[in-house]
Amino acid sequence: ILPNLVDLSYFEAAEADADYPTHGVRIGYCGTPTRKDGAEDLLRAFQVVHSKQPTAELMIIGDSVGETQLLPNLKKLAMELGVESNVIFTGLVPFSRMPGLLHSCDILALARPSGIFAEAGFPTKLGEYMACNKPVVLTRVGDMTRYLTHQENAMLAEPDNPADFAEQILWLIDHPAA
């Protein structure tokens, strides 16, 4: 039982988006890539993953819907971390494409940091991730740990810890049948 309103059939029936063929294990995130969703921590975790799995890819689906674009700063950070050639920034996409983009990923990720915002509620994106029936890595914040169990139906990492987040992703890569 997940405490959110996601039309599961919309995500379950989707097929991988053909516009983004994969070249290795792909980790995906969708939403507004801000601090509250841990976008920078995710990029830092991906740097660790990439150092051990050079063909791994990170797909960041989305951007700000307002006037301030978030992707330029994230692209700059990806460049500083030396992973820019393995990070796909889709920018804003129509909602109708999101399920297919999520299905083009092997692992879905949500690296929310600790804080007041993360302690309340259950993110809609997590319900969407789970509806895709893909492995999910997320941080131990908010209500999520009331519904999900580490290595049973999700990989749970410590918040504010990109190294631990990377470790959980790497575990999934090393144990694809788990």
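**View 1. Helix H2 and the lining of the largest cavity in the predicted model.** H2 contributes three residues to this lining, the most of any element. The cavity holds about 40 Å³. Two elements each supply two or more lining residues: helix H2, spanning 39-52, and helix H8, spanning 162-174. The full lining consists of Asp-41, Leu-42, Ala-45, Ala-111, Thr-139, Glu-158, Pro-159, Asp-160, Asn-161, Pro-162 and Phe-165. Six of the lining residues are nonpolar, two are polar and three are charged. At a threshold of 30 Å³ or more, the protein has one cavity.

**View 2. The largest pocket and the residues around its centre.** The space in this pocket comes to about 240 Å³. Its lining is built from 13 residues. Nearest the centre lie Pro-135, Val-136, Glu-152, Asn-153 and Ala-154. By class, the pocket lining has eight nonpolar, three polar and two charged residues.

**View 3. Glu-57 in strand E2.** The strand covers residues 57-61. Glu-57 has a relative accessible area of 8%, so this residue counts as buried; the cut-off is under 20%. Leaving aside residues up to four places away in sequence, Glu-57 touches Thr-22, His-23, Gly-24, Val-25, Arg-26 and Ile-27, as well as Phe-46, Asn-86 and Ile-88.

**View 4. The order of helices and strands.** Eight helices and six strands make up the secondary structure elements of the protein. Read from the N terminus, they follow the order α-β-α-β-α-β-α-β-α-α-β-α-β-α.

**View 5. The whole fold, for orientation.** Along the principal axes, the C-alpha atoms occupy a box of roughly 40 × 35 × 35 Å. The radius of gyration is 15 Å. A compact globule of 178 residues would come out near 16 Å, so the value for the protein agrees with that expectation. Of the contacts with a separation of 6 or more, 74% join residues 24 or more positions apart.

**View 6. Surface and interior.** Buried residues make up 49% of the 178 in the protein. Glu-57, shown in View 3, is buried. The exposed area of the protein is about 8,700 Å². Carbon and sulfur atoms account for 52% of that area.

Note on methods:
Residues are numbered from 1 along each chain as its sequence is written. This is a predicted model: local features need pLDDT of at least 70, side-chain atom pairs count only at pLDDT 80 or more; totals for chains, interfaces and linings use all residues. Side-chain values use heavy atoms; hydrogens and water are left out. On a 1 Å grid over the protein atoms alone, a cavity is a set of points where a 1.4 Å probe fits but cannot get out, and a pocket is an open set with protein on both sides within 12 Å along at least five of seven lines; lining residues have an atom within 4 Å of a point. Grid points are joined across faces, edges and corners, and a volume is the space filled by probe spheres set on the points. Ala, Val, Leu, Ile, Met, Phe, Trp, Tyr, Cys and Pro count as nonpolar, Asp, Glu, Lys and Arg as charged, and the others, Gly among them, as polar. Helices (H or I, at least four residues) and strands (E, at least two) are DSSP runs, numbered from the N terminus. The radius of gyration is taken over C-alpha atoms; the globule rule is 2.2 Å times the number of residues to the power 0.38. Buried means under 20% relative accessible area, exposed over 50%, partly exposed in between (1.4 Å probe, protein chains only). Contact means heavy atoms within 4.5 Å. Accessible areas come from the Shrake-Rupley method with a 1.4 Å probe; for residues, only the protein chains shown count as cover.
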